[in-house]
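Me: I am in my first year and would like a close look at one part of this protein, the sheet and what lies around it. Could you take me through it slowly, in connected sentences?

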Amino acid sequence: GQPNLRTPIPLDFDQRHNFKVNFDFRFNENEGPVLFDNKIFQNAGLNFTLNAGSGTPYSRQANVTNYIDAIGRPVLEGSLNGSNLPGNFRVGMRLDKDFHIKGSEDGKSFIKTLNVYFRVQNLFNTRNVLDVYRYTGSASDDGYLDTYREKFGSEADQSRIDIYTIRLLNGAGGTGLGSNPTNYSLPRRAQIGCVISF
């Protein structure tokens, strides 16, 4: 005679929507437009990868906690994993070209392939939020200063406020991304490299 007491709770990695798109365009040997009497785009390719998805769940908390002043234990607000992080979007690009190197060694001919590439991760420099402060739901503001001002009012220590503000603005690693740089995805990165196969 009891009601259904089972409550489904999403897990931390529960992501309802996740999209992955891979676009690859390339020219094979003796293909492509002719420029200066050469097919300079033969054995070359351009690749784009797109990753997009909705945010994963997290549990909101009703009080502020931080490593300077821990105000009690975290108190759950709402249901377990009842809130969601913002969605994220990221695009990567890779441009590469193969060069065939012919030679001989010990009377045997061989062909080596040198692949030269230029790769860009996070092409549009998207500032994706990977984690948030559970009291505010913000990746850059933990809510401590507002609570501190409310608690002490005119007696609040201004030097303490200034130091904490600098910490929030500069981040733990001086990145300017908030007090925890790991709350954000990495910025745009470009790499040039080569791979030789034989």
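Reply: In this predicted model, strand S1, which covers residues 18-26, is joined by nine bridges to strand S2, which covers residues 44-53, and the two run antiparallel. One place where you can follow this pairing is Arg 26, whose bridge partner in S2 is Gly 45. Strand S2 is also joined to strand S5, residues 88-105, by ten bridges, and here too the strands run antiparallel. In that second pairing, Phe 48 stands opposite Met 93 in S5.

If you keep following the neighbours, you find an open sheet of five strands in the order S1-S2-S5-S6-S7, with antiparallel pairing. Strands S1 and S7 stand at the edges, and because each has a single partner strand, one side of each is left without a neighbour in the sheet. On average, neighbouring strands of this sheet are turned by 15 degrees against each other, if direction is ignored. At the S7 edge, nine bridges join S6 to S7, which run antiparallel, and Leu 114 stands opposite Ile 196 in S7.

Some rings and charged ends are worth finding next. Phe 25 and Phe 27 form an aromatic pair, with 5.3 Å from centre to centre and 80 degrees between the planes, which makes the pair edge-to-face. The count of aromatic pairs comes to one. Phe 25 counts as partly exposed because its relative accessibility is 46%, a value between the limits of 20% and 50%. Phe 27, with a relative accessible area of 23%, is partly exposed as well. Elsewhere, the charged end of Lys 97 sits over the ring of Phe 99, 5.4 Å from the centre of that ring, while the charged end of Arg 127 sits over the ring of Tyr 184, 4.4 Å from its centre.

Arg 127 also leads you to Ser 185, since the residues that Ser 185 touches include Arg 127, along with Asn 122, Thr 126, Asn 128 and Leu 130, leaving aside residues up to four places away in sequence. Ser 185 lies in the loop between H2 and strand S7, and it is buried because its relative accessibility of 17% is under 20%.

Asn 122, one of the residues touched by Ser 185, lies in the loop between strand S6 and H1. Its relative accessible area is 6%, so Asn 122 is buried. Most residues other than glycine have a negative phi, yet Asn 122 has a positive phi near 55 degrees. Asn 81 likewise has a positive phi, of about 55 degrees, although it is not a glycine. Asn 81 is found in the loop between strand S3 (57-58) and strand S4 (83-84), and at 9% relative accessibility it counts as buried.

Finally, consider the nonpolar cores. In soluble globular proteins, nonpolar side chains tend to be buried together. Here the largest nonpolar core has eight residues, namely Val 64, Tyr 144, Leu 145, Tyr 148, Ala 156, Ile 161, Tyr 164 and Leu 168. Helix H1, residues 144-152, and helix H2, residues 158-170, each supply at least two residues of this core. A second core, separate from that one, has six residues, among them Tyr 58, Leu 85, Val 132 and Ala 139.

Conventions:
Residues are numbered from 1 along each chain as its sequence is written. This is a predicted model: local features need pLDDT of at least 70, side-chain atom pairs count only at pLDDT 80 or more; totals for chains, interfaces and linings use all residues. Side-chain values use heavy atoms; hydrogens and water are left out. A nonpolar core is a set of buried Ala, Val, Leu, Ile, Met, Phe, Trp, Tyr and Cys residues joined through side-chain atoms within 4.5 Å. Buried means under 20% relative accessible area, exposed over 50%, partly exposed in between (1.4 Å probe, protein chains only). Helices (H or I, at least four residues) and strands (E, at least two) are DSSP runs, numbered from the N terminus. Rings of Phe, Tyr and Trp (its six-membered ring) pair if their centres lie within 6.5 Å; planes under 30 degrees apart count as stacked, over 60 as edge-to-face and the rest as tilted. A charge sits over a ring if NZ of Lys or CZ of Arg is within 6 Å of the ring centre and within 35 degrees of the ring normal. Contact means heavy atoms within 4.5 Å. Two strands pair if DSSP finds at least two bridges between them. Axes are lines fitted to C-alpha atoms, for helices over the stretch in contact, and angles run from 0 to 180 degrees between N-to-C directions.
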